[in-house]
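Let's take a walk through a protein together. Have the picture open beside you, and we'll go from the whole fold down to a few side chains.

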Amino acid sequence: ASVSAAANSPMRLSVLLTKLQLSAADVNDEVGRRCHELVSMAPAVTRELGLVREQASAVRAELSALLAEVGALETKSEASVSLMRDALSTRDRLAATLRTLQQADRVAGLMRGAESSFARGDPAASASSVAQLDGALEALDPEHLQSLFPDAPKRVVALRRQVLERLRPELLEAVLEHDSAALLRLSSLFSGLGSAGAARECYVQCQQGPLFE
């Protein structure tokens with residue numbers, strides 16, 4: 001940019017050239033000073049590298065001795081380690097069995113709660129239990145599910161259908177009465193039962209008659 005601005009002025013070009021020469025001289029001096037510093041540091045760096053090499057050799061010798069001791073200890077303690085390994089394996093199997101039994105107990109409790117609440121005429125409570133049953137059944141291993149609750153999936157499907165049928169008239173009434181609180185509660189229950197579009201269907205069903213008329 002400076003050269004372009006001074007293209008028609010020999011004096012400016014001369015000044016610019018002088019500045020560049022001065023800058024080049026400064027850079028040359030700085031590079032020389034840095035090189036001199038690096039050369040003066042070389043003996044100290046060489047001594048430090050030698051010390052590091054000696055320390056590395058000492059550490060390598062100590063590590064070899066430690067590895068030899070560890071090998072001897074492994075040979076002596078192999079029998080004890082084998083017993084500990086078996087004990088840990090048994091503990092892991094027992095822990096897995098305990099988790100399975102706890103999950104199975106939760107499934108059984110949810111199943112009983114869903115069926116009993118439906119039998120006493122409380123479909124809302126039954127809907128909540130059925131929604132939780134889906135996740136509880138998925139948490140069980142398929143093999144354990146088949147051995148512990150062979151009929152559970154079919155029972156859950158049948159119970160979900162019955163609960164939806166029981167709740168549908170209440171949902172229709174909430175739509176007709178414009179009861180927003182009941183509609184919100186029932187929509188949440190239907191969504192948990194895998195029938196999120198039920199509220200929209202009931203609304204259409206309730207409004208078709210007046211629209212046709």
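A salt bridge, as we'll use the term, is a side-chain nitrogen of Lys or Arg within 4 Å of a carboxyl oxygen of Asp or Glu. Asp 92 and Arg 91 fit that description, with their closest N and O atoms 3.4 Å apart. Asp 92 is partly exposed, at a relative accessible area of 43%, while Arg 91 counts as exposed at 51%. Keep in mind that what you're looking at is a predicted model.

Now zoom out. The protein has seven helices and zero strands, so read from the N terminus on, the elements simply go α-α-α-α-α-α-α. Of its 213 residues, 21% are buried. The accessible surface comes to about 15500 Å², and carbon and sulfur atoms own 60% of that. As for contacts between residues at least 6 apart in sequence, 61% of them join residues at least 24 apart.

Back to the salt bridges: how many does a search of the whole structure find? It turns up five. Two of them sit in helix α2. Glu 30 pairs with Arg 34, with 3.0 Å between the closest N and O atoms, and Arg 33 pairs with Glu 37 at 2.8 Å. Why can these partners meet? An α-helix has 3.6 residues a turn, so residues three or four places apart point the same way. Glu 30 and Arg 34 are four residues apart in α2, which means about one helical turn separates them. The same spacing holds for Arg 33 and Glu 37. Glu 30 is partly exposed at 32% relative accessibility, and so is Arg 34 at 44%.

Helix α2 covers residues 10–119, and Leu 38 lies in it. Is Leu 38 buried or exposed? At 57% relative accessibility, and with the line for exposed drawn at over 50%, Leu 38 counts as exposed. Together with Met 41, Val 45 and Leu 49, Leu 38 makes a nonpolar surface patch of about 380 Å².

Last stop: helix α5, residues 152–177. Its 26 residues reach 37 Å from first C-alpha to last, close to the 38 Å expected at 1.5 Å a residue. Still, α5 bends by about 30° at Arg 168, and a proline, Pro 169, follows within four residues. Several α5 residues are buried, including Val 156, Leu 159, Val 163 and Leu 167. Just after the helix, His 178 takes a positive phi of about 55°.

Conventions:
Residues are numbered from 1 along each chain as its sequence is written. This is a predicted model: local features need pLDDT of at least 70, side-chain atom pairs count only at pLDDT 80 or more; totals for chains, interfaces and linings use all residues. Side-chain values use heavy atoms; hydrogens and water are left out. Patches are made of residues with over 30% relative accessible area and no salt bridge: like charges are joined within 9 Å, nonpolar side chains (Val, Leu, Ile, Met, Phe, Trp, Tyr) within 5 Å. Accessible areas come from the Shrake-Rupley method with a 1.4 Å probe; for residues, only the protein chains shown count as cover. Helices (H or I, at least four residues) and strands (E, at least two) are DSSP runs, numbered from the N terminus. Buried means under 20% relative accessible area, exposed over 50%, partly exposed in between (1.4 Å probe, protein chains only). The expected span of a helix is 1.5 Å times one less than its number of residues. The bend at a residue is the angle between axes fitted to the seven residues ending there and the seven starting there. Contact means heavy atoms within 4.5 Å.
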